[in-house]
Amino acid sequence: MENRKKVAFYTLGCKLNFSETSTIARNFEGEGFDRVDFEEVADIYVINTCSVTENADKQFKQVVKKALKNNDKAFVAAVGCYAQLKPEELAAVDGVDLVLGATEKFNITDYINDLSKNDFGEVHSCEISEADFYVGSYSIGDRTRAFLKVQDGCDYKCTYCTIPLARGISRSDTLQNVLKNAKEISEKNIREIVLTGVNIGDYGKGEFGNKKHEHTFYELVQELDKVEGIERLRISSIEPNLLRNETIEFVSKSRTFVPHFHIPLQSGSNDILKLMRRRYLREVYTERVNKIREVMPHACIGVDVIVGFPGETDEHFLETYHFLNEMDISYLHVFTYSERDNTAAALMEGVVPGNVRAKRSKMLRGLSVKKRRAFYESQLGTDRTVLFESENKEGYIHGFTENYVKVKTPWNPELVNTLHRVTLTRIDEDGSVRMEFLEALVKA
């Protein structure tokens with residue numbers, strides 16, 4: 001029998017990338033390849049790139065080096081967002097053989113005829129206007145949860161963002177296909193599904209390859225709640241202007257959707273929100289948070305915020321800081337603004353010096369620690385359900401409650417991928433929460 005070729009994957013960036021890497025990996029397996037870890041010797045290394053992280057090119061070069069260290073004769077392919085935006089740049093990196101943009105990445109096995117190294121990376125990348133069809137995907141690498149992609153692309157024109165350039169227009173999976181994928185996942189003994197996409201609140205648009213809407217995000221949520229065999233559904237990031245009160249109400253009474261929302265704010269200053277071309281003002285954000293708190297007082301609310309955007313004065317920043325400090329939120333994801341080619345913000349006046357950006361970022365990260373601690377303290381003494389993960393970290397097993405409190409207890413392999421009712425008792429030195437078991441909720 002001929003030797004089967006080995007393929008390994010490395011994913012940079014978001015949950016959506018992870019779900020797409022998983023789908024590409026399944027395509028390889030369907031073509032007779034064996035998947036191995038990136039640390040192992042493989043015939044092909046596929047790197048799924050990201051355009052959002054700072055130093056994307058530097059990160060990419062390090063990953064290529066790592067691959068070639070494992071096997072200097074390996075075939076190296078780059079796919080994904082950065083491959084769409086800067087294909088020539090990636091192709092010029094030493095050791096890269098193939099670069100595929102937004103529409104080609106799912107057909108990667110068609111481009112790999114022989115695995116001989118190329119002197120220069122071969123590029124196949126479309127005009128982004130051609131990225132107008134939808135490819136569904138989900139990841140099942142971590143057996144406790146799966147990322148299920150429901151939507152791709154974005155029609156918003158935020159002045160700092162390259163994602164519409166990297167992923168194309170907003171388009172959605174058909175409701176039927178999302179439900180089919182959810183069912184497949186539930187049959188693999190996975191307890192939690194995280195819904196992911198670029199702008200998931202826009203779900204429904206482009207379900208038929210045009211702008212016709214047959215379904216909305218609210219309808220998607222209602223239908224997914226009926227899928228048998230799923231214990232938990234989590235909404236990943238959703239824009240405040242697209243998170244409707246009816247969806248919040250539904251989640252509060254839902255069988256499977258958990259009380260956890262991640263809502264990008266980006267700035268607490270209306271002046272800066274306008275410069276960013278966001279589609280809401282801070283008053284809308286306050287309304288959303290208040291609505292969640294009204295129907296789910298124990299919900300976890302995460303916030304994305306960008307510091308150092310062009311034109312952000314000390315006054316603007318303090319407006320953001322005080323806005324977040326006074327709001328009943330649970331944690332922050334803080335991003336330091338960095339210039340991106342072909343974006344309107346890169347040409348704006350009022351550039352904020354790097355050291356000022358760093359200082360503002362540090363202040364908000366400090367605020368995030370304080371917020372998370374206060375949220376965890378508010379949960380002590382309550383009964384929650386924990387889903388335990390699969391890793392043994394220094395003799396402990398970790399898990400998350402439905403409202404995203406991180407808990408730990410001494411390692412016990414029987415707890416992996418099981419749900420248990422617990423009482424949250426105290427906060428440990430490392431910031432996670434200790435607990436006592438009430439009873440086994442679900443048999444392993």
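**Where domain 2 meets domain 4**

Across the interface of domain 2 and domain 4, 6 residue pairs are in polar contact, both partners at pLDDT 80 or more; such a contact is a pair of N or O atoms within 3.5 Å, one able to donate a hydrogen and the other to accept it, with residues adjacent in sequence counting only if both atoms are side-chain atoms. On the side of domain 2 that touches domain 4, 8 residues are charged, 2 polar and 1 nonpolar. This is a predicted model, in which local features need pLDDT of at least 70 and side-chain atom pairs pLDDT 80 or more, while totals for chains, interfaces and linings use all residues. Residues are numbered from 1 along each chain, and side-chain values use heavy atoms, without hydrogens and water.

Let's stay at this interface. Here 11 residues of domain 2 contact 13 residues of domain 4, with heavy atoms within 4.5 Å counting as contact. There is 1 salt bridge between the two domains. In a salt bridge, the side chains of E389 and R145 meet at 2.7 Å, N to O; the cut-off is 4 Å from a Lys or Arg side-chain nitrogen to an Asp or Glu carboxyl oxygen.

Now for the interior. The largest nonpolar core has 49 residues, and L148, L195, F217, L224, I292, L324 and L364 have the most contacts inside it. Domain 2 (132-258) and domain 3 (260-375) each supply at least three residues to this core, the bounds coming from an automatic or database domain assignment. A nonpolar core joins buried Ala, Val, Leu, Ile, Met, Phe, Trp, Tyr and Cys residues through side-chain atoms within 4.5 Å, buried being under 20% relative accessible area (1.4 Å probe, protein chains only).

Key. Nonpolar A, V, L, I, M, F, W, Y, C, P; charged D, E, K, R; others polar. Buried < 20%, exposed > 50% of the residue type's maximum accessible area, 1.4 Å probe, protein only.
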